[in-house]
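User: Please take a close look at one part of this model, the largest nonpolar core, and then add what the backbone does in the loops.

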Amino acid sequence: MPMGFTASIRPCGWGGALRRWASAGWRTLDLPVAVGETDCTRWQVHARLAQGAADILLPDVCRAGGITEGRRLATIASLYNVRWAAHVSMGSPVHLAAAAQLAAASPHFLMLEYPTAPNPIGDGLLTAPWRPVAGRLPLPEGPGLGLTFATERLRAHLWPALAEGEKER
């Protein structure tokens, strides 16, 4: 699929309009239609894809409840031969790492949304910046999601009661 113009435009409300929209000839557009960035469950995704209402699914791993549910959404997309692009709404390194790890393990993955705006809290919590290299985002290689946090900087963001509990240990 050639890449070029992209825009996030919600074509209509979803309630009963989904069937009308999916059957109203929108397929004559020479532009892929992407939906799903606010869907949180596999049932919502299934309803959209069963009616042919998307060319690309945009699941958000954090809104869906984590990597396990995100994997289910990616599997549903593959059942309908629909590619998916990870939506990263918060743009935090943890959110991005969860989406990137899921993307690397999914066959129908298309692209990863990468936040370009600075994230003053999230970026400062890592021991080293995590950035794309030559247009590709390398997967972190550490345990878990692969990120390494700067413990002292992270501790500064704890709620006071939690921080006190840390000192008592």
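Analyst: Trp 130 touches Pro 93, Leu 96, Ala 97, Ala 100, Tyr 114, Leu 137, Pro 138, Pro 140 and Leu 147, leaving aside residues up to four places away in sequence; contact means heavy atoms within 4.5 Å. This is a predicted model, in which local features need pLDDT of at least 70 and side-chain atom pairs count only at pLDDT 80 or more, while totals for chains, interfaces and linings use all residues. Residues are numbered from 1 along each chain as its sequence is written, and side-chain values use heavy atoms, with hydrogens and water left out.

Trp 130 belongs to the largest nonpolar core, which has 27 residues; Trp 130, Val 45, Leu 49, Leu 57 and Trp 84 touch the most other members. Such a core is a set of buried Ala, Val, Leu, Ile, Met, Phe, Trp, Tyr and Cys residues joined through side-chain atoms within 4.5 Å. Two or more residues come from each of helix 2 (42–50), helix 3 (61–64), helix 4 (67–79), strand 3 (83–86) and helix 5 (93–104). Helix 5 contributes the most, seven residues. Helices (H or I, at least four residues) and strands (E, at least two) are DSSP runs, numbered from the N terminus.

Now the loops. Asn 81, in the loop between helix 4 and strand 3, has a positive phi near 55 degrees without being a glycine. Asn 81 is exposed, at 62% relative accessible area; buried means under 20%, exposed over 50%, and partly exposed in between (1.4 Å probe, protein chains only). Ala 134 sits in the loop between strand 4 (109–112) and helix 6 (151–155). Ala 134 is not a glycine either, and its phi is positive, about 55 degrees. Ala 134 is exposed, with 82% relative accessibility.
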